[in-house]
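Reader: I would like to go through the charges and cysteines of a structure, and hear the reasoning behind each label.

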Amino acid sequence: MSSGDTLEFDQIYQENKGAMYDGRLRISKQGIVFKNNKTGKVDNLSGTDLNLTHWFRVARGYELKVGLKSGAVFKYDGFKESDFDKLSDFINKNYKMRLEEKELSVKGWNWGTAKFKGPLLSFDIDNMSAFEIPLGNVSHCATSKNEVALEFHQNDDADVSLMEMRFYVPPNQDNPEIDPVQAFHDNVMDKADIIQATGDAICIFKELQCLTPRGRYDVRIYPTFLHLHGKTFDYKLPYTTVLRLFLLPHKDQRQMFFVVSLDPPIKQGQTRYHFLILQFSKEEDMTLELSLSEEDCADKFEGKLQKEMSGPVYEIVSRVMKSMVNRKITVPGSFKGNSGTSAVSCSHKAGAGFLYPLERGFIYVHKPPIHLRFDEISCVNFARGVASNRTFDFEIETKSGTTYTFSSIEKEEYGKLFDFTTNKKLRVKNRGKNLLNQLKDSVNYDEDMMGSDDDAQHDAYMERVKAEAAAGISDDDDSSDDEEEDVDFNPDGSGSDIAEEYDSNASISSSDDDEEDEEKKERKKKKLEKAKNKPAKRRKTSDGGRKRKKRQKKDPNAPKKSMTAFMLWLNATRSDLRKENPDASIGEIGKIAGEKWRAMGPSDKEEWEQKAKEDKERYKIAMEEYQAKKEEEGSSEGEESDQAEKKSKKTKSSRPKSSPTKSPSKAGAGANYKSKEYITSDSDSDSSNSDSDSEKEKKPKKKGKKAKKKSEDEEEEPIASTPPESEESADDDDDDEDD
């Protein structure tokens, strides 16, 4: 884009230690401005400081090389061939300079001439430049007999990095007294970015707490760099690597974070620290004296620093760093969270920290530190929390496609954060969904804090039953498996309570039939009475859960449990709280009471804590007496039950037998059983056996646990038995029963 006074170019690249960073270039009458899209760093080149402008054909298209009078060189790639005419006319018109076209040597030779041009080492072949090395990228320079080895600073953003380069320097035949290797080394070291701590520091801050890199360091301020001296590691940070300064208050309002954004970052092995974070206490003060004269403070720092300064440590450190780096300090803006602070508590990945909404971006402190500017944010998203309904997640998606998720944010912060993002005109991804209403509909745990005014404990099971009753869930009248009725079918197809598979068709007298009908009626009557007295059992839950057990009834004679100091105080002040808040619900009154209790001092709580101790002792003594009494009653009841059991056994043994009985038949007993067809065929020839069977008492065959239970509870007389084969087998059965 171009106008009469400015030229603007998008997707222009600047090389920095092997990595290409895209950005926007704007050329105006005042100078050249380049803004890095990734770091946000802005380079301002004044038009009056320009010394040269060159135009090269390179791999990405065309390159603009700009040199300053101070010797600094800046290169911008990504231009098109058609841009040359516009740039040439604009530079000639506004800067009174000519845009020179230069060609690079493409012969590929490794023998040439090394020329030092300010901060650049140019390797020329046939008076044409083959490549240029910025000496500011050199981290170390070593010499041998005829060689010079250069080592370079590494950039983590570069896919391929230049680690080392060696130059062979032949001896000087014309002047043997001059060592060309040493001269080469001196020229490199003069412009190389190799920091040497020489001279005295302007000031020293002892034992400052550092969060990243973690530890305590002595911070020494030098004119051109910052020196961190710890027990294990030392770091030297040139002021040119500092991008931004932040001064952020901790959420507890008692501490401060001082954050220094660095590019390139601090390197410790394979670890990179892009932020230096110092933590201070607001209550810690100090007095500092700079090793500078009053004139130097006034001239170099324009009166921003004084020779002697006193005040909080965080304030003095921030003032000194601001003056040395010559950058503004960013502080939180107008955002205030639900707690009235500038920070929002949240978590990122596995670490917990604070998110600070700033006027031009977000910064997360502290592990890992993240700074996101508004101009690199594509959209934001509010999502429901996974672990709890009382929190939500805040997602930030950048234009590069990276998504940062800040989780476990309290739902009370939603309104403040949503208003902030909309005021800053950030695109909200789920604007159509009202997450705030969803969060408000979640469970209100404050209402569960208080129970009723009754002395009885809160019955959670009863509350659940009431809730299910309101939802239309009714009780089930089905009996348990142990009490289900077993019904077998007779050979003629009719249902009966008694299994008659092995019964014969022998005739039964009418008197026996009448007795049997009466017994059936009595059994049915008893079943109905049991069904009425027995509590109805519950159905299985809709989700397939098990049947709930009956809640054990509370003993009314048990002593009342002890109460806490808070509950004693609440019972005494509940009426006053209701008068002060007539429209408040039970949960709201509990919340108000909790806040008042927390605000009370230890002296105010002492009276109620003493009463709670006395109530606890009372409960302990009463419980001991109750347990002792319960044990005595249990022993007496046990003796009475033993006597009753002996008495019942005695009465059973003395009961006379009406007729000889036989042991009940069992399936699979062998020769004692005969099939129904066999019994029917023998009935005509052996009528005496059937007559004797009709006179004998009949014993029913019971199936399952229910049949066994009936015989024990009701003590019924047997009404059917298996017909014997002969008199001998019958006598044998009688003998077995007597045994």
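The exchange below takes up salt bridges, charged patches and cysteines in turn.

Author: One point before we start: this is a predicted model.

Reader: How many salt bridges does the structure hold?

Author: The structure holds 18 salt bridges. One of them joins Glu132 and Lys75.

Reader: What makes Glu132 and Lys75 a salt bridge?

Author: The closest N and O atoms of Glu132 and Lys75 are 2.8 Å apart. The cut-off is 4 Å between a side-chain nitrogen of Lys or Arg and a carboxyl oxygen of Asp or Glu, so a pair at that distance qualifies.

Reader: Where in the chain do the two partners sit?

Author: Glu132 belongs to strand 11 (residues 128-134) and Lys75 to strand 7 (residues 73-79). They are 57 residues apart, so the pair links distant parts of the chain.

Reader: Why are Glu132 and Lys75 called partly exposed?

Author: Partly exposed is what lies between buried, under 20% relative accessible area, and exposed, over 50%. Glu132 has 21% and Lys75 has 26%, so both values fall in between.

Reader: How do you know that Lys596 and Glu580 form a salt bridge?

Author: Their N to O distance is 3.0 Å, and the limit is 4 Å, so the pair counts. Lys596 is in helix 10 (residues 586-599) and Glu580 in helix 9 (residues 565-580), 16 residues apart.

Reader: Which label, buried, partly exposed or exposed, goes to Lys596, and which to Glu580?

Author: Lys596, at 34%, is partly exposed. Glu580 has 51% relative accessibility and counts as exposed, because the mark for exposed is over 50%.

Reader: What separates Lys611 and Glu607 along helix 11?

Author: About one helical turn, because the two residues are four residues apart in helix 11 (residues 602-653). Their side chains meet in a salt bridge at 3.5 Å, N to O. Lys611 is partly exposed at 35%, and Glu607 is partly exposed at 45%.

Reader: Which residues are linked in a network of salt bridges?

Author: Lys35, Arg373, Asp375 and Glu376.

Reader: Which residues form the positive surface patch?

Author: The positive patch consists of Lys304, Lys322, Lys328 and Arg360. Of these, Arg360 lies in the loop between strand 26 (351-357) and strand 27 (361-365).

Reader: Why is Arg360 called exposed?

Author: Arg360 has 72% relative accessibility. Exposed means over 50%, so the label applies.

Reader: Which residues make up the negative patch, and where does its largest share come from?

Author: Glu289, Glu294, Glu295, Asp299 and Glu308 form the negative patch. Helix 3 (residues 294-300) supplies the largest share, three residues. Asp299 is found in helix 3, and at 59% relative accessibility Asp299 counts as exposed, because 59% is over 50%.

Reader: How many disulfides does a search of the whole structure find?

Author: Zero. A disulfide is a covalent bond between the sulfur atoms of two cysteines. The search asks for a pair of cysteine sulfur atoms within 2.5 Å, and the count is zero, so no pair meets that limit.

Reader: Are Cys203 and Cys297 buried or exposed?

Author: Both are buried: Cys203 has 4% relative accessibility and Cys297 has 1%. Buried means under 20%, so each value earns the label.

Notes:
Residues numbered from 1 in each chain as written. Predicted model: local features only at pLDDT ≥ 70, side-chain atom pairs only at ≥ 80, totals over all residues. Heavy atoms only, no water. Patch = residues over 30% accessible without salt bridge, like charges linked within 9 Å, V, L, I, M, F, W, Y side chains within 5 Å. Areas by Shrake-Rupley, 256 points an atom, 1.4 Å probe, with all protein chains shown as cover. Lys, Arg positive; Asp, Glu negative; His and termini not counted. Charge placed at Lys NZ, Arg CZ, Asp CG, Glu CD. Buried < 20%, exposed > 50% of the residue type's maximum accessible area, 1.4 Å probe, protein only.
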